[in-house]
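Thanks for coming, everyone. Let me put the structure up, and then we will walk through it together.

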Amino acid sequence: MPRPTVAQFAYGSLTVILSTFAMLLLSQTTSAGWIAVVAVVALALGLLVAMTVPTPEPRTVAVHRPAATTGAAADAAPVPVASRAAGEAVGQRAA
């Protein structure tokens, strides 16, 4: 089961708090039984709201692969820069 997102947690909590206050103010109840009923209804409503908040889709990452080269460039082996520089320096001294 995935963890709830921040948006789900925030919307659910706000729904529970605001709906509890609204129902208690509108019903003007003072008995413990009805306050418990209001609290349970508010929790159920908060859970419903939290579960219906859309979750972000998993992101797919595009991988860029270089195109395969053809021709003479593909046949030649790459030469590291340090080796090429050393080879040029040796070639210049011999000439």
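Start with Ala42. Its relative accessibility is 0%, so Ala42 counts as buried. Buried means under 20% relative accessible area, exposed means over 50%, and partly exposed is in between, with a 1.4 Å probe and protein chains only. Ala42 is found in helix 2. What does Ala42 touch, if we skip residues up to four places away in sequence? The answer is Val16, Ser19, Thr20 and Met23. Contact here means heavy atoms within 4.5 Å. Take Met23 from that group. Met23 and Ala42 are 19 residues apart along the chain, and their C-alpha atoms are separated by 8.4 Å.

A word on what you are looking at. This is a predicted model, where local features need pLDDT of at least 70, side-chain atom pairs count only at pLDDT 80 or more, and totals for chains, interfaces and linings use all residues. Residues are numbered from 1 along each chain as its sequence is written, and side-chain values use heavy atoms, with hydrogens and water left out.

Now the overall layout. The protein has four helices and zero strands. Along the sequence the pattern reads α-α-α-α. Helices (H or I, at least four residues) and strands (E, at least two) are DSSP runs, numbered from the N terminus. Of the 95 residues in the protein, 11% are buried. About 8300 Å² is exposed, and carbon and sulfur atoms supply 70% of that. Those accessible areas come from the Shrake-Rupley method with a 1.4 Å probe; for residues, only the protein chains shown count as cover.

Back to helix 2, which covers residues 32–52, and to Val49 within it. Val49 has 25% relative accessibility, so it counts as partly exposed. Leaving aside neighbours within four places in sequence, Val49 is in contact with Tyr11 and Thr15. Phe9 is 40 residues from Val49 in sequence, yet 9.6 Å away in space, C-alpha to C-alpha.

Follow that contact over to Thr15. Thr15 sits in helix 1. Is Thr15 buried or exposed? Thr15 is buried, because its relative accessible area is 17%. Beyond four places in sequence, Thr15 touches Thr20, Leu45, Gly46 and Val49. Thr15 also has a polar partner: a polar atom of its side chain lies 2.7 Å from the backbone oxygen of Tyr11. A polar contact is a pair of N or O atoms within 3.5 Å; within protein, one must be able to donate a hydrogen and the other to accept it, and residues adjacent in sequence count only if both atoms are side-chain atoms.

Gln8 is another helix 1 residue. Gln8 is buried, since its relative accessible area is 9%. A polar atom of the Gln8 side chain lies 3.3 Å from the backbone oxygen of Ala50. Ala50 is also among the residues Gln8 touches beyond four places in sequence, with Arg3, Val53 and Thr55.

Next, the loop between helix 1 and helix 2, where we find Gln28. Gln28 is exposed, because its relative accessible area is 66%. Its phi is near 50°, a positive value in a residue other than glycine.

Last stop: Ile17, in helix 1, residues 6–27. Ile17 is partly exposed, as its relative accessible area is 48%. Which residues join Ile17 in a nonpolar surface patch? They are Leu14, Leu18, Phe21 and Leu25, and the patch is about 560 Å². Patches are made of residues with over 30% relative accessible area and no salt bridge: like charges are joined within 9 Å, nonpolar side chains (Val, Leu, Ile, Met, Phe, Trp, Tyr) within 5 Å. A salt bridge is a side-chain nitrogen of Lys or Arg within 4 Å of a carboxyl oxygen of Asp or Glu.
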